[in-house]
Amino acid sequence: MKLRKSRSHRAASALSFLDNARESHQNTGNLMLKTAFFKSSFTLPEELQVAEISFDGHSVTIYAFKNAPAAKCPLCERPSRRIHGLYTRTLADLPWSGTPVRLRLRVRKFFCDEPSCERRIFAERLHDVTRPFARGTNRQRNALEWIAFSLGGEAGARLARELGLLVSPDTLLNRIRRAFVVHSAETGDEKDLRVVGVDDFGLKRNNGPATIMVDLERHKIVDLLQGHSTELIAGWLGQHPDVEVVARDRSNVCREGIDAGAPQARQVADRWHLLHNLTQVVEHFLLTKRTELKKAVMPETTHDGAETSKDGKEGHVPVTEIPDIRAYEHIEGPARERHERLVEQWKAIRRLHLAGAKVKDIAEWTGTSRSTVYRYRELAEPPPRPKHGRKGSVLDPWRPYLIRRWNEGCHSAKRLYYEIREQGYSHSIDIVTKLISDFRYTEQQGKRLQAPRAPKAKKGSIAGVSPTARNMSALFMRRQEKLDAEQKAYLDRLCASDAALADAYRLTQEFAKMVRKLDGEKLDGWLAEADASQAEVMRKFAAGLNKDIAAVRAGLTESWSTGPVEGFIHKVKLLKRQGYGRANSDLLRARALAA
């Protein structure tokens, strides 16, 4: 019996020892796990002391308290050691691996011993951890603000949920508003403004104009103003008297607003707008020279060198009768109905033109634009049906070779890519891969690939460009070193046929060179030549420049421009589209200025 008792006693002791060892090992492991988890994942201020970390399977809770012996009163800032009481404050913190984290702080209340202070009892402040009355930590607030300013409400809430931050879209939008108000009150960057770019853009399609102000030295948006008017720009510039340079476009609204709000500032006209204005007036001028544009393409000359028309008579013979359109009756379906409307429009324009009506009146009576009237009144035949062909590709020079190699049995896009790269192809392999997949689909349809025929030259084309007013205005603005032989020959014939066209082309080239090279010293000489030219359009353009001569001269001399402003306008429109309809003026302004 004694042996049995001793054996049972030893067995019980062993089981008890194992249980105690297992419990001790488990506690030690939990403590080590908690310590490692805290050190690797959380960094709290030194003034806080962590008492415990617990995990209930869904969230992590950190219990901490402040270990300072005294606290300062928030009003009189006198330290106090007399404790009034304690309470627990729960704050939401940044998540850990998608798991929500809560911070439970034991906060003390103190007596204020200053007799003159209005506060008798105050709670100790935790400025490094959170704000008074806040429900989250500072780092959680900063993270949500970054998400809100970067993505907005809906997209930001989706990202926050994936990261373990449970927040609604409306809360993120409210954080944008509050953070922007605090940031505007704390910063004073607008006091150092020296160079500003101003421009207008549309908040809504065909409605809702707005004005953007950009600091061109720091490359950042300064302000977004709802509306675009002289008074609005003048009022904003009046609040910033340190502005020295303002870059703008050619609009009268910006010019008058700057004159009224910042008369001391130097205005700089944007160079792109100067070239754009010149292109517009040249295009309008070439609309009146369509006959010369067509004659210069394929001139027909007699034995004595005089240009003749198709009927053999010298000079331009206007058509007095509208020809029959039965040749166009082969068009069927909806395309025929659309073409019939164009033909009826052409007939109405031709009748009014032959009757002596003005272009402006014809455009109003027929409901078309003036450019359409200019184009249709010169057509001796009805306008043909528009033909839409295949767009050109960078692989067109190597397309016959690729088709031949495909028919020979080489179907590897990578191998064909290396072969044509040795022949001069300098683009990506993706284009070759797409073409080879088209070849494979064509072969699966039971068709055989054939080498394309050489394209026929279009009648009346100048190196692939038809002689329309818009295309010719682009040709007028193009650098002479980028013109090919055919384009140069066409321009020589065109300038030789009309002195006004020759002056317009010469002055256009000179002005474009002056803008590109910032040769503002040549502006006075160019204006004198434009006033004495035979092209009336250049005289009018020079008169417009003289009305804004100071800003134009500064634009042709200084490097400031509204190019960065246009880039920021694109950014603002992108932010507005990211708002999914929740980007009204205050939210859009806050996000744009924070960006």
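Visitor: What kinds of residue make up the lining of the largest cavity?

Guide: In this predicted model, the lining of the largest cavity divides into eight nonpolar, four polar and three charged residues. Glycine counts as polar in this scheme, and among the lining residues nearest the cavity's centre are Gly152, Gly153 and Gly579. Leu173 and Arg582 also lie nearest the centre; leucine belongs with the nonpolar residues and arginine with the charged ones.

Visitor: What makes a space count as a cavity?

Guide: A cavity is a place where a 1.4 Å probe fits but cannot get out. The structure holds one cavity of 30 Å³ or more, and about 90 Å³ of space lies in the largest cavity.

Visitor: Which helices each supply at least two residues of that lining?

Guide: Helix 3, helix 4 and helix 22 do. Helix 4 gives the most, with three residues.

Visitor: Let us stay with helix 3 for a moment. Why is Ala160 called buried?

Guide: Ala160, found in helix 3, has a relative accessible area of 0%. Buried means under 20%, so Ala160 is buried. You can also look for Ala148, twelve residues from Ala160 along the chain: the C-alpha atoms of the two are separated by 9.5 Å.

Visitor: And why is Ser97 called exposed?

Guide: Its relative accessibility is 67%. The cut-off for exposed is over 50%, so Ser97 counts as exposed. Ser97 sits in the loop between strand 5 and strand 6, and has a positive phi of about 55° although it is not a glycine.

Visitor: What makes Leu518 partly exposed?

Guide: Partly exposed covers the range between the 20% and 50% cut-offs. Leu518 has 30% relative accessibility, therefore it counts as partly exposed. You will find Leu518 in the loop between helix 17 and helix 18. Its phi is near 55°, a positive value in a residue other than glycine.

Visitor: How do you know that the length of helix 19 agrees with what is expected?

Guide: Helix 19 has twelve residues, and at 1.5 Å a residue they should span 16 Å. The end C-alpha atoms are 17 Å apart, which agrees.

Visitor: Which residues of helix 19 are buried?

Guide: They are Val537, Met538, Phe541, Ala542 and Leu545. These residues cover an arc of only 135° around the axis, so they lie on the same side of helix 19. The face turned away from that buried side carries the exposed residues Lys540 and Lys547.

Visitor: Now to the strands. What makes strand 1 and strand 2 a pair?

Guide: Two strands pair if there are at least two bridges between them. Strand 1 and strand 2 pair in the antiparallel sense over seven bridges, so they pass that test. Ile53 stands opposite Ile62 in strand 2. The hairpin of these two strands has four residues between them, and in this hairpin Gly57 takes a positive phi near 95°.

Visitor: In which sense do strand 2 and strand 6 pair?

Guide: Strand 2 and strand 6 pair in the parallel sense, over six bridges. One example to find on the model is Ala64, whose bridge partner in strand 6 is Leu105.

Visitor: Why is strand 2 called mostly covered?

Guide: Six of the seven residues of strand 2 are buried. Each of those six must therefore be under 20% relative accessible area.

How values were computed: Residues numbered from 1 in each chain as written. Predicted model: local features only at pLDDT ≥ 70, side-chain atom pairs only at ≥ 80, totals over all residues. Heavy atoms only, no water. Buried < 20%, exposed > 50% of the residue type's maximum accessible area, 1.4 Å probe, protein only. 1 Å grid on protein atoms, 1.4 Å probe; cavity = no way out; pocket = protein on both sides within 12 Å on 5 of 7 lines; lining within 4 Å. Points joined across faces, edges and corners; volume = space filled by probe spheres on them. Expected span 1.5 Å × (residues − 1). Arc of directions from axis to C-beta.
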